[in-house]
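Student: I should like to work through this model step by step, from its strands to some individual residues. Could we begin with the sheet?

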Amino acid sequence: MRIALVTETYPPEVNGVAMTLQRLTQGLARRGHQLHVIRPRQTRVDVTRTHDGVEEIPMPGLPLPGYQGLHFGLPAKGRLLQEWRTLRPDIVHIATEGPLGWSAIRAARKLRIPLVSSFHTNFHSYGQHYGFGLLQRVALGYLRYIHNQTLATLAPSQDVIQALTADGFREVGLLGRGVDTELFNPNLRDPILRREWGANEQTPVALYVGRIAGEKNLPLTITAFETMRQLRPDMRMVFVGDGPELRKLKSLYPDYHYAGMRRGEELARHYASGDVFLFASMTETFGNVVTEAMASGLLVLAYDYAAPKQYIANGKNGVLVPFGDGGAYTHAARLLARDTSDWGRLRTAARQTAYDIGWANAVLGLEKRYEQLVATGSALHGARPSVLVGDPT
C-alpha cells in the first residue's frame, strides 16, 4: 500500500506521539509499504527526506505556544491535492487534529481517498491545567467532528475506546503499542550516573520521565516522593524531561536532580539507573513511559487506567491504585518505602512482562486495519462522501 500519514509531530521531536508514529511507520516500511509522512517544517531549511524507508514531506508550520520544540501545520489543502493527484495514496491516516490534519481530511475526501484517524492526546482535558477549562466541551466537540469525518478512529487503549464511544465518536478501534526491550534494558544501569544523583547502589531512587507540565499531575508525584523520603531520608528524586513547569520545580525543590531532555540510549540509561517510577498523570491516552520503565526493570506506581491497567497486575509486577484517588496513591508510596524487600521481585516481573509488548504485533494490527479500510473505501464504488459543513468543495 501507499500510505500517507499526516501528523503535527514526528522525530526528532521528543514526545510519545512522535515516537509511536515513527515506530509504526518504520515497521510498515520494513513490510514493503510506501510511507509518506506529511508534517510541519521543523527548521527553516527543512526539506523532503527519506529515512528508514519513510519519506518525510515538510509543510509550512508555526511553533506551538507552550510546547517548546513542537510545531503545528498551517492549512495546506491545495498542496495536498497537488501531491495526491500526482502520487495517489491508497489510504490517508490523520494522526493529529490541527489545521494540517483538517486540510488533509478535506483533500482526501475531495479525491475520494479512504481516511482513517488516530486519537493520541486528550487535549480537551488539558484546559483545566491551562486556564480554559470552560472550553473543554467545545474542544471535545471539535475533536469529535474531526474524527467522525473518517472511516474509523484508532485509540491506544480500551479506556480511551470506551470514553470516545460514549462521547459520540464513531467506529473506534484499537491501535496497539509496543516497547523496545533491547533499548530499554536493566543492563544499562549506570553507577556513575547514580553517583551524579547523589546515590550509591543501596540508595533508592525515584524517577519521573515525561513533560514537566501541569497536565502531568506533578504535585502528587512530589507529594508521594516526599512521603517516601520521610521513611527513607536518603531517597533521591530525578526528573527527566522539559516543559513549562521546570523552572518552578527547580526553584521549589532545588535538591531534586533535573536531567533535562534525554533521547535514545542516554534516556534508556537514565531509566535503568532508577528504582521506582512515580507516574501520577491522569490525562494519558496510553503512557509509553510506563512500558519503557517496565522494560527498564523499574517498579511502577501508577493509576489503574491506560497502559498501567493493561500491563500491570497490582502487587505482581507493579503497584496500581484507583484512578483519581490521590490519597490512595500517597498511601501506596508510603507502603513501598516502609518495606523495600519486595522491590526486586516486582522489578524483575515488570521486565518479564515487557518482553511480550513488542512493536511487531502493533504494526501487523495497523496493517490489517488499513487493508480493511481500503477495501471498505473501494466498496463505496468511488461514491463521494457528503459535503462537509462549511466546506465549499
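Student: In what order do the six strands of the open sheet lie?

Tutor: This is a predicted model. In it, six strands form an open sheet, and their pairing is parallel. The edge strands, each pairing on one side only, are β13 (257-260) and β16 (319-321). The twist from one strand to the next averages 20 degrees. Read across the sheet, the order is β13-β12-β11-β14-β15-β16.

Student: Which residue of β16 is the bridge partner of Y303?

Tutor: Strand β15 covers residues 299-303 and pairs with β16 in the parallel sense, over three bridges. For Y303, the bridge partner in β16 is V321.

Student: What angle does the direction of helix α10 make with that of β14?

Tutor: Helix α10 (residues 288-295) packs on the sheet, where it touches β11, β14 and β15. Taken against the direction of β14, the direction of α10 makes an angle of about 170 degrees.

Student: Which residues have the most contacts inside the largest nonpolar core?

Tutor: The largest nonpolar core has 66 residues. Apart from it lies another core, of 25 residues, among them L24, I91, V363 and V374. Within the largest core, the residues with the most contacts are F239 and F277.

Student: Is D190 buried or exposed?

Tutor: D190 is placed in the loop between β10 (172-174) and α6 (191-196). Its side chain reaches the backbone nitrogen of I192 at 2.9 Å, and D190 also touches R269 and S273, leaving out residues up to four places away in sequence. Because its relative accessibility is 15%, and the cut-off is under 20%, D190 counts as buried.

Student: Why does D52 count as partly exposed?

Tutor: D52 is found in the loop between β3 (49-51) and β4 (54-59). Although D52 is not a glycine, its phi is positive, at about 55 degrees. Partly exposed residues fall between the buried limit of 20% and the exposed limit of 50%. D52 therefore counts as partly exposed, its relative accessibility being 46%.

Student: What is the relative accessible area of A306?

Tutor: A306 lies in helix α11 (residues 306-311). A306 has a positive phi of about 50 degrees although it is not a glycine. A306 is buried, and its relative accessible area is 1%.

Student: Which residue does a cis peptide bond join to P11?

Tutor: The omega of this cis peptide bond is about 20 degrees. The partner is found in the loop between β1 (2-6) and α1 (16-30). The residue joined to P11 is P12.

Definitions and conventions: Residues numbered from 1 in each chain as written. Predicted model: local features only at pLDDT ≥ 70, side-chain atom pairs only at ≥ 80, totals over all residues. Heavy atoms only, no water. Helix = DSSP H or I, 4+ residues; strand = E, 2+ residues; numbered from the N terminus. Buried < 20%, exposed > 50% of the residue type's maximum accessible area, 1.4 Å probe, protein only. Polar contact = N/O pair within 3.5 Å; in protein donor to acceptor, adjacent residues only side chain to side chain. Contact = heavy atoms within 4.5 Å. Core = buried A, V, L, I, M, F, W, Y, C linked by side-chain atoms within 4.5 Å. Pairing = 2+ DSSP bridges. Axes fitted to C-alpha atoms, helices over the stretch in contact; angles between N-to-C directions.
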